[in-house]
Amino acid sequence: MVDGLDSSKTGEEVAGRYRVLVENANDGMIIVDPESGRITFANPALAKIFGYAITELEGLSVFDLHFPEDHPKAKAVLDRCLRGDVVAEQLPAKKKDGERIWVEIKPALAQLEGRKIALSIVRDITQSVELAEELRASEQKYRDLVENAFDIINSVDAEGNILEANQRMTEVLGYSHAQVTHMNVRDFVAPEYLEGLPQHVRNTLAEGLEAGFICDWITRDGRRLPVEINSTAGPGELSRVLVTRCIIRDISERRRLEERLVREGKLNAVSEAAAQFGHSFNNLLTQISLRAGLIEMLPADSEEVTSHAKGILSVVEDAATIARRLQTLAQQSLAERVPMDINRLVLDTIEMARPLWHAALETDRPHIEVVTHLDATAPIQGDPVTLREALLNLIYNSVDAMPQGGAITIKTEQQEGNILLSVSDSGTGMDEETKRHLFEPFFTTKAEGLGRGLGLVTAYRAISHHDGGIEVDSVLGKGTTFRITLPSSDPNK
């Protein structure tokens with residue numbers, strides 16, 4: 001039989017053993033009169049926890065070991081103990097010197113010498129509580145950092161299921177957090193990139209790190225968003241399954257800049273070639289024109305000679321027009337800039353383009369409506385002729401995009417130090433491939449002979465020379481919007 005349970009031991013021996021246990025226990029032990037709340041016994045460990053001598057503790061109220069604001073909590077624990085409930089509570093407590101600590105209290109109702117007592121084990125858990133609080137604070141700081149990050153942050157399993165996503169991802173895609181975390185990457189990655197995506201995930205899980213995967217996402221409203229994905233692999237919540245943690249950056253602006261640099265490079269190359277070609281071509285045209293003129297003036301043996309001569313002159317005139325356009329494209333400077341009202345420019349340009357409406361109405365094409373929303377704006381410094389030509393090209397482009405008729409909406413608005421001019425149509429729209437080549441010289445979707453592909457290039461170059469920018473939003477079958485940004489001459493607006 002175990003000595004501690006041997007009934008043959010005398011009461012004095014058992015009491016002695018219990019005294020040794022209590023006196024040398026690491027946890028505090030306390031006996032409280034449940035009626036008055038007075039402390040009738042405390043062991044050395046309890047005295048050490050609270051910084052009192054044992055003789056100081058005995059006679060104090062148990063509420064003296066708590067701050068006044070915590071007395072209701074302490075009383076609730078004592079009341080539950082008196083009801084016979086099994087209690088285990090964590091409470092703030094007060095040491096003799098006023099230091100705030102945390103204790104875990106496990107009181108129990110017992111009988112001693114015929115009267116009820118509240119016997120409790122008390123453990124100092126201050127360090128554990130502080131560590132837990134630090135951990136919570138650290139987790140909150142990390143969560144705040146993730147949630148407020150400018151970049152998209154998420155976790156994905158090996159099958160591509162989204163396990164977690166920050167607020168930025170929901171904002172970018174246009175779905176709620178609950179919707180995003182029930183999606184697979186295949187639900188929003190553009191189809192042409194799906195083939196390469198599994199390899200990116202496999203590389204990440206195998207190597208632990210994979211950077212620089214670039215693809216397009218499709219947002220809820222159908223927009224394409226170019227992104228760069230950098231991934232690391234790590235254990236999931238159960239520490240058994242590897243997941244991919246990704247930081248995804250919206251590279252729309254970078255792609256726009258890259259495309260602009262490519263376009264500028266092409267424009268510069270074409271401009272230099274156009275200048276040289278235009279000069280040489282005009283010299284050749286002059287000689288052809290002179291020879292054709294002589295043929296026309298010579299006595300003709302037949303009408304065929306005169307007919308051929310007139311045909312040469314007609315071709316020469318067409319070629320001269322092309323040469324002039326190439327030379328215009330090659331010009332590197334503008335006329336002197338003057339203060340101008342962008343709204344006045346819009347109204348004047350619409351009047352210039354009005355014959356185009358009349359021509360459309362004379363055909364079988366349904367009606368084309370022009371709507372303007374012109375806000376009060378600051379003046380700009382510019383060349384009215386060049387800007388008017390740019391706007392005309394955009395309007396012509398919109399008319400051509402609406403063979404079934406529709407509406408063209410032109411807006412202006414002040415945006416800090418810039419003027420925003422937009423031209424929208426309800427026409428056929430463009431696919432991604434067309435948009436990528438839109439501002440390239442000689443690119444056109446019109447049938448052969450109906451367009452030379454210089455109108456939008458001319459508009460792009462005019463806006464660039466005004467230190468502005470031009471962007472296009474278009475969805476196939478849903479229309480197109482060109483947005484032009486021009487610097488205001490008033491920096492305070």
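1. In this predicted model, R83 is exposed, with a relative accessibility of 57%, and its side chain forms a salt bridge with that of D85 at an N to O distance of 3.5 Å. The partner, D85, is partly exposed at 30% relative accessible area, so the two residues of this pair fall into separate accessibility classes, given that exposed requires over 50%.

2. A salt bridge also links the side chains of D473 and R483, with 2.2 Å from N to O. Because D473 belongs to strand 16 (residues 469-474) and R483 to strand 17 (residues 480-487), the pair ties together parts that are 10 residues apart in sequence. As for accessibility, D473 is partly exposed with a relative accessible area of 44%, and R483 is likewise partly exposed, with a value of 33%.

3. Salt bridges with shared partners join E69, D70, K73 and R100 into one network.

4. Which parts of the chain does the pair of D27 and R123 tie together? The side chains of these two residues meet in a salt bridge at 2.7 Å, N to O. D27 sits in the loop between helix 1 (11-24) and strand 1 (28-32), whereas R123 lies in strand 5 (residues 115-124), and the contact therefore connects parts that are 96 residues apart in sequence. R123 itself is partly exposed, its relative accessibility being 40%.

5. How many salt bridges does the model contain? The count comes to 15 salt bridges, among them the pairs D27 with R123, D85 with R83, and D473 with R483. As general background, side chains that carry opposite charge can pair when their charged atoms come close.

Methods
Residues numbered from 1 in each chain as written. Predicted model: local features only at pLDDT ≥ 70, side-chain atom pairs only at ≥ 80, totals over all residues. Heavy atoms only, no water. Salt bridge = Lys/Arg side-chain N within 4 Å of Asp/Glu carboxyl O. Helix = DSSP H or I, 4+ residues; strand = E, 2+ residues; numbered from the N terminus. Buried < 20%, exposed > 50% of the residue type's maximum accessible area, 1.4 Å probe, protein only.
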